[in-house]
Every structure is written in C-alpha cells, then in structure tokens.
There are 2 protein chains.
Amino acid sequence: MRASDLAYSTLLDEIQRGELAPGTVLGEVEQAARLGISRTPTRAAIGRLVADGLAAQLSPRITVVTDFDAGDIKRLFEVRRALEESSARLAAARGDREEFAELAQAFAAAHPEAGESNADAYYELIARYDAALDRAVDNAYFTNALRTIRTHLARARRLARDNRERLRASVAEHQLIAEAIASGDPELAAHATHVHLHNALAAILTQLEPRTPPEGTQ
Amino acid sequence: MRASDLAYSTLLDEIQRGELAPGTVLGEVEQAARLGISRTPTRAAIGRLVADGLAAQLSPRITVVTDFDAGDIKRLFEVRRALEESSARLAAARGDREEFAELAQAFAAAHPEAGESNADAYYELIARYDAALDRAVDNAYFTNALRTIRTHLARARRLARDNRERLRASVAEHQLIAEAIASGDPELAAHATHVHLHNALAAILTQLEPRTPPEGTQ
DNA sequence: TTCGCCAATTGTGTATACACTGATGTGAAA
DNA sequence: TTTCACATCAGTGTATACACAATTGGCGAA
C-alpha cells in the first residue's frame, strides 16, 4: 500500500470521526511527522482531501479541515435527494430485480432497534444497498458524485446518531424503496427515496436542534 | 501561478480539446519534460485529472486519458439532468429574480445563429447562466458536482458542435428557464430544464450517430 | 506608546536523488 | 527452437534539499 493512500485513509477517517475537528490546520510538516512519512505523500493526501471538500486552502499557506454544521447537512441532503431520487428511478428501470428483491427481504428481516450489534449490521445493509444501487445505475458519473456525498454524509452520521425509532422507520423506508426497484416501479422508487431522505434529514436536524424543529417536520 | 496549476490547466485543456486523445498514456517523466517542469507538480496535476475522471490509472504504472464516447455522453446527461433540474427548482425558490430576469432578456436578445462570433458570445452567456445558477442555489456540494459534470461536458461539445438551428432553439429554451426562475416557478424551471437537456442530448446524439466517425476526426 | 520597517523563521512549492517494482530482452540449457 | 531464468531498464513512489514567500517578532524612531 502506498504511503499517500495510507495518509489519505487515516486523515479521512480522523476527519469523519471528528478527531480532526473543523478548523484544524493541516500542516504538511506536522502531519507528515505525525504519520511517520515524508511530506510528498502527505501533500498528495491533503490535496485529495481538498478535492473532496473535507479540507480547504484558506490561503496559500494555510489548509484547514472544513466546517460542517446543520446548514451543511441541509445542503448536503439537497444534492443527495437530487442524486438518489434519480438513481432510484434509473435502478427501477434497469436494475437487477432479483438483487433488490433479496435486499427488500433483508430489510424486512432486519431489527436494528434490538441492539448495538444489530444497528451495525443495519449500517452494513445500507452499504450493501448503496453498492447495489451503483451497480444498477451503472453510471460512473453518478457513482463518483454519490461517493463524494457519502464521504461527507459520514460526518453527519457522527453528529447525529440514529435512535431506535428512527432506525426502525428507516428500515421500513428502505424496504419500500428496494421493493419498488424490484418491481420496476421508477416513480415509486423515486418518491419513496424522497420520503426516506426527508425523514432522515428531519431526524438529524431534530436531534441537532431539539427546540427548533425544521420546516416541514411532522 | 503554481507550476502544478499550470500543468493541470494545460493538460485539462488538451484533453478537452482532444489534442490528448483517449487512451494516451500520461507518463510523469514525459509530460514533465514536455511542460518544462519537474515531476512533482506534474504528478499533482495528473492526480487531479484522475480525481476528475479525465484520466484513469489502469495499473500502478500506467495512467491514460479516459475514453469518452456517445455512451458516456448519455450517462453524463443522466447526472446532469438530476443536478440541473434540482438546481433550477432551488434557484426558482430562492434565487435573485432580478438577475434571472436580466438573463432572460439577454437570451431574448441573443442571435447565435447569425455568425461564429455571436455563437461564442452565446457560449459566454451560457457560462453566465451557469454562474448565476450556482450563486442562486448557494450550495457548494451542488457547485462542485456540477463543476465535474461541466468539465466532462466540454469534451462532448468538441465531439458535437451545435448547428444553427440547435443554437436558436437552445436560446429559446434557456430564455424560458431563466423566466421561470425569475418568476419564482420551481416546477416550470425544472421541467423547462428537463426539456432543454433532452433536446440538447438528442441533438448531440443525432449528430454523432448518422455517420459514426470512430475517433480522431480532428 | 505606537507605528513602521527589517530580519528571521516557518511553511509551502519545486527539483532531484534514491528505492523499488514490474516489464522486457537476452542468453543458456533442454 | 523453445522455454526459463537472470539481468537490465524504465517508470513510479518516496525522501530530501533548496528556493521563495509570508508572517511574525523585535527594534528603532516619531
């Protein structure tokens, strides 16, 4: 494995986990020393983070971890809606129905509210759904755009961990989406995705700002 | 200006223009020598091209300019539809109406079919519309996703240059979109964008398919 | 005391040397 | 003649040295 890849994975993980807090200055020398590699691969890794939008060059000499707050989550979900609704529509039109029927069954059998280990299994199921969606859409431009969105989404997940009720509802929503794709119903797939993302965003924002639930929250 | 930025702009431009044809091997040593800089900034530039999807690492030692054919254009427009329809919808809901009213007037006054210089002025007008859209949407995730799409779109423009009738129709379509945003009509803005992108794609594909010139038409 | 200038330090940007890996070509043996 | 093995080479990945710019601290003058 290349040192630059190692540096990128490490820094990415630390930013997603919040260990490298927003505003933290990413100095090449400092990070290279900390990671035990030279400046060259460190520089490449930071460059990739900047391209991802996880870091930003404030000036030619100062690169910092980007901020990520409730407003960013709202904006992130605007793009996520655009991409995932279209993806669901396309997947319903051309995806492997068998695969999504199996996914629907897996969602039906999932009980993420039963315990922490089940919740982790649920997140793996989500990842499996994402991968199936990418395969079904079969469009590298979509996959790349969604990869960036998912990279940022990991930061949101840390800010607002799903509670049990939300996990249970999320399972049902995903089950409906998978069933819609499996039955080749593009409109239902898109609208069910819209509903799911609306609820997911509302749950996150409610948890972040308990006293001021966002507009449209039920 | 940094040497790495210079290298990136140069290589990007050459790929978009087709001077660096798909499949061309991008060797660090070779490109560094050609551009008159060292391997370090060249390496950074090629890395950015790979991140953009304009180049791909086939193996640890071989990086090539990615292919771009009619199928890619179709896939590109799938994502473009998803992003631009949503953008238009959001812009109509929250954009600066004054600015889009002015844009609508500019489109109404444009006559790109009258000559080559007018066509260039039209493409600048499109760029102005894109910039206004980004400002109106006010969402860095959207802007970044669209930036990548537009980067690839430049390659499509080279493969299929718009003809006069298409330019005239495109102006009218953009005028309608701008008016819809100016009047705060999200649904019309989204649907007019859908229609525009449908027609734009159809025009490109029609121009590409009749003769099907393989590559290297120059 | 404050403002301005100069020097020093710090950190990035670039060049280059070295290391390692994968490929290719040549030679010898079967 | 063909095949296998070894050596050479080409090209990337990494480390490091050097150059340059910006920022900061100190010192002097107003």
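**Two protein chains and two DNA strands**

Helix 3 of chain B makes the largest contribution to the surface near DNA strand C, with three residues. Here, a residue is near a strand if its C-beta atom, placed from the backbone, lies within 6 Å of it, and helices (H or I, at least four residues) are DSSP runs, numbered from the N terminus. The model is predicted: local features need pLDDT of at least 70, side-chain atom pairs count only at pLDDT 80 or more, and totals for chains, interfaces and linings use all residues. Residues are numbered from 1 along each chain as its sequence is written, while chains are lettered from A and ligands numbered from 1 in the order in which they are written.

In total, 16 residues surround DNA strand C, and E28(A), R2(B), A3(B), S38(B) and T40(B) are the closest. At least two residues of this surface come from each of helix 2 (28–35) of chain A, helix 1 (3–17) of chain B and helix 3 (39–52) of chain B. By class, the surface near DNA strand C holds six nonpolar, five polar and five charged residues; Ala, Val, Leu, Ile, Met, Phe, Trp, Tyr, Cys and Pro count as nonpolar, Asp, Glu, Lys and Arg as charged, and the others, Gly among them, as polar.

Turning to the other strand, DNA strand D is surrounded by 17 residues, the closest being R2(A), A3(A), S38(A), T40(A) and E28(B). Two or more residues are given to this surface by helix 1 (3–17) and helix 3 (39–52) of chain A and by helix 2 (28–35) of chain B. Helix 3 of chain A provides the largest share, three residues. Six nonpolar, six polar and five charged residues make up the surface near DNA strand D.

The protein chains also touch each other. Their contact involves 20 residues from chain A and 20 residues from chain B, where two residues are in contact if their C-beta atoms, placed from the backbone, lie within 7 Å. On the side of chain A that touches chain B, helix 3, helix 4 (70–94) and helix 7 (140–159) each give two or more residues. Helix 4 of chain A has the largest share there, eight residues. This side of chain A comprises 12 nonpolar, five polar and three charged residues.

Finally, a turn of 180° with a shift of 0.0 Å along the axis lays chain A on chain B with an RMSD of 0.0 Å, the superposition being by least squares on the C-alpha atoms of residues with pLDDT of at least 70 in both. The two copies are therefore related as by a two-fold rotation axis. A82(A) is the residue of chain A that comes closest to this axis, at 2.7 Å (C-alpha). Because 100% of the interface residues of chain A are also interface residues in chain B, the copies meet through the same surface.
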